[in-house]
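Reader: I've got this chain open on my screen and would like to talk it through. Could you take my questions one at a time?

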Amino acid sequence: MKLKRRKAFVVDEQVWKVLSGSKQPVGAYQIANMLPRVAAAQVYRALERLVSTGKAKRIAARNAFVAGSPQTDVIVICRKCGAFEPLECPDAIDELGSHCNKRSFQINQIFLEMTGTCQDCKP
Ligand SMILES: [Zn+2]
């Protein structure tokens with residue numbers, strides 16, 4: 001059991017390194033291909049753990065993942081080249097939360113993804 005847990009930690013580290021070294025969101029399948037010695041199921045479990053601790057964020061629009069921190073509230077993604085930037089916008093998030101709570105919808109977590117055009121792709 002102890003060994004198994006350590007192995008999970010190692011896989012988490014490997015997956016996180018792939019994410020933090022990438023300039024674009026990376027799909028689970030892509031990550032599994034980049035880590036040939038790790039089973040795909042292990043990659044999926046590692047991603048779940050990383051997302052639950054906030055070390056990675058899932059980008060629903062791309063069905064892919066990026067490295068993040070628990071402080072990351074917003075990810076902006078370039079719809080042309082896929083470049084992304086994690087942002088911290090605690091004031092905006094607080095405001096959205098209280099806006100929802102006032103309308104009797106209890107918010108537990110807010111994470112936003114916004115698409116646009118990055119500096120390099122601007123016409
Ligand atoms: Zn771009």
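What follows is a set of questions and answers about this chain.

Reader: Before we start, what kind of model is this, and from which number are residues counted?

Author: It's a predicted model, where local features need pLDDT of at least 70 and side-chain atom pairs count only at pLDDT 80 or more, while totals for chains, interfaces and linings use all residues. As for numbering, residues along each chain, as its sequence is written, are counted from 1.

Reader: How many helices and strands does the chain have, and in what pattern?

Author: Helices (H or I, at least four residues) and strands (E, at least two) are DSSP runs, numbered from the N terminus. On that basis the chain has 4 helices and 5 strands. Going along the sequence, the pattern is α-α-α-β-β-β-β-α-β.

Reader: What does the C-alpha trace span, and what percentage of the residues count as buried?

Author: Along its principal axes, the C-alpha trace spans about 45 × 40 × 20 Å. For burial, count the other C-beta atoms (placed from the backbone) within 10 Å of a residue's own: 20 or more is buried, 12 or fewer is exposed, and in between is partly exposed. Of the 123 residues, the share that counts as buried is 19%.

Reader: Into which domains is the chain divided, and what separation do their centres have?

Author: The bounds come from an automatic or database domain assignment. They give domain 1 (2-67) and domain 2 (74-116). Contact here means C-beta atoms, placed from the backbone, within 7 Å, and 8 residues of domain 1 are in contact with 9 residues of domain 2. Taken over C-alpha atoms, the centres are separated by 22 Å.

Reader: Which residues touch the most other members of the largest nonpolar core?

Author: A nonpolar core is a set of buried Ala, Val, Leu, Ile, Met, Phe, Trp, Tyr and Cys residues joined through C-beta atoms within 7 Å. The largest one has 18 residues, and those touching the most other members are V15, L19, L47, A56, F65 and V66. Two or more residues come from each of α1 (2-20), α3, β1 (56-59), β2 (64-67) and β3. At least three come from each of domain 1 and domain 2.

Reader: Which residues is L19 in contact with, leaving aside neighbours within four places in sequence?

Author: L19 is among the core residues that touch the most other members. With its neighbours within four places set aside, L19 is in contact with V26, A56, F65, V66 and A67.

Reader: Why do the buried residues of α3 line one face of the helix, and which residues are they?

Author: The expected span of a helix is 1.5 Å times one less than its number of residues; for the 13 residues of α3 (residues 40-52) that gives 18 Å, and the end C-alpha atoms are indeed 18 Å apart. Seen down the axis, the buried residues fall within an arc of 100° (using directions from the helix axis to the C-beta atoms), so they line one face. The face turned away from them carries the exposed A41 and S52. The buried ones are V43, A46, L47 and L50.

Reader: How many residues of α4 are buried?

Author: α4 (residues 90-102) has 13 residues, and its end C-alpha atoms are 18 Å apart, in agreement with the expected span. Just past α4, S104 takes a positive phi of about 55°. α4 lies largely in the open, because the number of its residues that are buried is 0.

Reader: How do β3 and β4 run, and which residue stands opposite V74?

Author: Strands pair if DSSP finds at least two bridges between them. Here 4 bridges join β3 (residues 74-78) to β4 (residues 84-87), and the two run antiparallel. Their hairpin has 5 residues between the strands, with G82 at a positive phi near 85°. Opposite V74 stands L87.

Reader: Where is N63, is it buried or exposed, and what is its phi?

Author: N63 sits in the loop between β1 and β2. With 11 other C-beta atoms within 10 Å, N63 is exposed. Most residues other than glycine have a negative phi. For N63, though, phi is positive, near 50°.

Reader: What distance separates the C-alpha atoms of R103 and A67?

Author: R103 is in the loop between α4 and β5 (112-116). R103 counts as exposed because it has 7 C-beta neighbours inside 10 Å. R103 and A67 are 36 residues apart along the chain, and their C-alpha atoms are separated by 33 Å.

How values were computed. Two residues are in contact if their C-beta atoms, placed from the backbone, lie within 7 Å.
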